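Good morning, and thank you for making time for this presentation. Please have the sequence and the model open as I speak.

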Amino acid sequence: MIKMQKNVKLQAGISLVEVIVCVGIFGILAVSAYGLYASITKAITYYRGQTTVSALANQYLEIARNLPYSQIGTVNGNPHGNLADEPNPITVTFNGNNYQIYYVVNALHDPADSNPTIQDYKQVKLYIKNTTTGVAKSFVTTIAPIDLSQMMSGGALSVQVLNQAWQPIAGAS
């Protein structure tokens, strides 16, 4: 009778402690990956909203810039004009969000101008409010008439001659 010897290899099993440690490590990695995904999604949403607001601002500031100078103003404001104001905003829906758009226009005098009776230019503030989130942004531009010299006597250019000590020279031409 021939004895056959079997090579028996003992297979070691995984202990409960090893399973718990592996599940814990996998859980930490999964929560970290989900947190990273949530942060990226939130950042993309935020920057998409910023891009939308910037595009709307560019579009609506161009509307104000293309108006005749005499019509740059708000419906109920001073100066009076054709632009929407806060009581009468424009409502726009873009990418599933509603936006309220309105203007505030101020006629300004340049302090360097020698004629204090005329307003030299208009400052236009554009407000865009996301009605879904309540976040509002403002944008500002300055609009001057095409030809200042036709408004009254004088023009848009002022020259002052100074000496080496930065003192004005009287009677310089």
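**The sheet and its surroundings**

Ten bridges, written 10 in my notes, join strand S2 (residues 97–108) to strand S3 (residues 121–130), and the two run antiparallel. Before continuing, I should say that this is a predicted model, in which local features need pLDDT of at least 70 and side-chain atom pairs count only at pLDDT 80 or more, while totals for chains, interfaces and linings use all residues. Residues are numbered from 1 along each chain as its sequence is written, and side-chain values use heavy atoms, with hydrogens and water left out.

Strands here are DSSP runs of type E with at least two residues, and helices are runs of H or I with at least four, each numbered from the N terminus. Two strands count as paired if DSSP finds at least two bridges between them. Within the pairing of S2 with S3, Val105 stands opposite Val124 in S3, and Tyr99 faces Asn130 in S3.

S2 also pairs with S1, again in the antiparallel sense, over 5 bridges. There, Thr91 is opposite Gln100 in S2. These two strands form a hairpin with 2 residues between them, and Asn95 in the turn has a positive phi of about 55°.

What is the strand order overall? The open sheet has 4 strands in the order S1-S2-S3-S4, with antiparallel pairing. Strand S1 (90–94) and strand S4 (136–143) each have a single partner strand, so one side of each edge strand is left without a neighbour in the sheet. From one strand to the next, the twist averages 25°.

Helix H1 lies across S1, S2, S3 and S4, running at about 30° to S4. Axes are lines fitted to C-alpha atoms, for helices over the stretch in contact, and angles run from 0 to 180 degrees between N-to-C directions. Contact means heavy atoms within 4.5 Å.

H1 covers residues 16–65 and includes Val23. Is Val23 buried or exposed? Val23 is exposed, with a relative accessible area of 55%; buried means under 20%, exposed over 50%, and partly exposed in between, with a 1.4 Å probe and protein chains only. Together with Ile14, Leu16, Val19 and Ile20, Val23 makes a nonpolar surface patch of about 530 Å². Patch residues have over 30% relative accessible area (Shrake-Rupley method, only the protein chains shown counting as cover) and no salt bridge (a side-chain nitrogen of Lys or Arg within 4 Å of a carboxyl oxygen of Asp or Glu); like charges are joined within 9 Å, nonpolar side chains (Val, Leu, Ile, Met, Phe, Trp, Tyr) within 5 Å.

Key: Accessible areas come from the Shrake-Rupley method with a 1.4 Å probe; for residues, only the protein chains shown count as cover.
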